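Me: Please take a close look at one part of this model, the place where the two chains touch. Tell me what each side brings, and then put it in context.

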Amino acid sequence: MNQGLKTARSEGLISCHSCHLLCRSPEPAAVMICPRCGTRLHRRKPNSIKRTWALVVAAFIFYIPANVLPITTVVSLGKAQSDTIMSGVIYFIKTGMWPIALVIFVASVFVPLLKLIILTFLLITVQRKSSWRRKDRTRLYRITEVVGRWSMVDIFVVTILVALVNLGALASIHARPGAIFFCAVVVITLFAAMSFDPRLIWDTEESLNE
Amino acid sequence: MSSLIACHDCDLIQRLPHISEAGTIQCIRCGAVLHQKIRNSIERTLSLTLAGLVLFGLANTFPFLAFKIGAQVRQTTLLTGIQELYAQGMPELSVIVLLTTVLVPFAQMICMLYILLPLKFRRIPIKLPQVFRFIRHLQPWNMMEVFMLGILVSVVKLAKMAQIIPGVALFSFLALIFVMAAMTASLDSHLIWEKWDEKR
């Protein structure tokens, strides 16, 4: 099925990632510039695997304080109560608001973890030059690209609560360090997904054909 | 050569079929969207950008939400939460929220205007490739729709505690999300590069 399929790399071409112009690349070029739009050209994203690994590991580390430390403290009539992400979810379940509990759980706990697991899986399979279900793995990558941003929802909830509930001694809500770690996890995983090059999944196919 | 393209997801070289009607072309190997042809792309995107800027102005000047317990009312704008986070010693968070909900959408619309307005009148703006690339780089950091979900969650969370009154800015913000999504979707990037090639 793959007879006659040619990739830019096997043909000695580079596709500009900004304007998609196919450019001819002379042998291992040092620095190449797209003749149409002036973007620096790379055959693959530079140091894709190393960079993605570094970011994934950093995100795994930050994931722990993000879930253990409180993200908000509610002060109401002199009483202070701190909440972590999970205790917020449990609060919603207990008060019967399970759709909201589900939204928060999926966006803040499930999605970041899923994204990290998928990226780890993709990195390992690429490094082992696996040929297993390339199309599905590319699809997994696209999912991580699309879904990651929704994890920011908890940070925005904290922002809105902090703005609205600010009635002095009666009731006020304060952001806590857990929120910073959580925000870091989301931003780092966004960068990790950007630095991974899905074309690496397909690269082994050509080397087998040769 | 110009109709050949390499898939950005799997690097396969394929010939783009010539289509005159509006439509989508997908990669034959991995299914990534390679090209989307849109009718009147420039005019459509330009009008959506202008609408977006008006809504952006409304969303940032009028009250966003009001929070009422007994006789106490607290009115907020989009920027109140950001200021409050900063005041509570969380500058990192406030900067990220400011970027993702205010600055990035605004920059995207201004850059879009900068590119499309001259193109509409058959001129090529200076540094078009750089500005166009900048818009693309900003795209993942525009998180207005996620912020909207955040509003929904907070409103439900606070509904038992107090009365929440939505303001003009909230509705403008909601409309802005759809307008910006339509703006991004209606831009045919291949068309921009074609124009750039013609005039050079």
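Reply: Here is the contact, followed by the chain behind it and some helix packing.

This is a predicted model, in which local features need pLDDT of at least 70, side-chain atom pairs count only at pLDDT 80 or more, and totals for chains, interfaces and linings use all residues. Residues are numbered from 1 along each chain as its sequence is written, while chains are lettered from A and ligands numbered from 1 in the order in which they are written.

The contact takes 46 residues from chain B and 50 residues from chain A. Two residues are in contact if their C-beta atoms, placed from the backbone, lie within 7 Å. On the side of chain B that touches chain A, the elements giving two or more residues include strands S1 (4-6), S5 (65-69) and S6 (72-76) of chain B. Helices H2 (80-87), H3 (91-120), H4 (128-138), H5 (144-158) and H7 (189-199) of chain B are also among them. Helices (H or I, at least four residues) and strands (E, at least two) are DSSP runs, numbered from the N terminus. H5(B) gives the largest share of this side, nine residues. By class, this side of chain B has 28 nonpolar, nine polar and nine charged residues. Here Ala, Val, Leu, Ile, Met, Phe, Trp, Tyr, Cys and Pro count as nonpolar, Asp, Glu, Lys and Arg as charged, and the others, Gly among them, as polar.

Now the chain behind that side. Chain B has seven helices and seven strands. From the N terminus, the order is β-β-β-β-α-β-β-α-α-α-α-β-α-α. The C-alpha atoms of chain B fill a box of roughly 70 × 40 × 35 Å along the principal axes. Of its 200 residues, 33% count as buried (20 or more other C-beta atoms within 10 Å of a residue's own, with C-beta atoms placed from the backbone; exposed means 12 or fewer, partly exposed in between). Among contacts in chain B between residues at least 6 apart in sequence, 62% join residues at least 24 apart.

Across in chain A, consider one helix pair. H1(A), residues 48-68, and H3(A), residues 98-127, have axes that come within 10 Å and cross at roughly 150°. Axes are lines fitted to C-alpha atoms, for helices over the stretch in contact, and angles run from 0 to 180 degrees between N-to-C directions. H1(A) and H3(A) are therefore roughly antiparallel (over 145 degrees; under 35 is roughly parallel, 65 to 115 roughly perpendicular, the rest oblique). Residues of H1(A) that meet H3(A) include A:Trp53, A:Phe60 and A:Tyr63. The H3(A) side includes A:Leu116, A:Leu119 and A:Leu123. This helix contact has eleven nonpolar, three polar and no charged residues.
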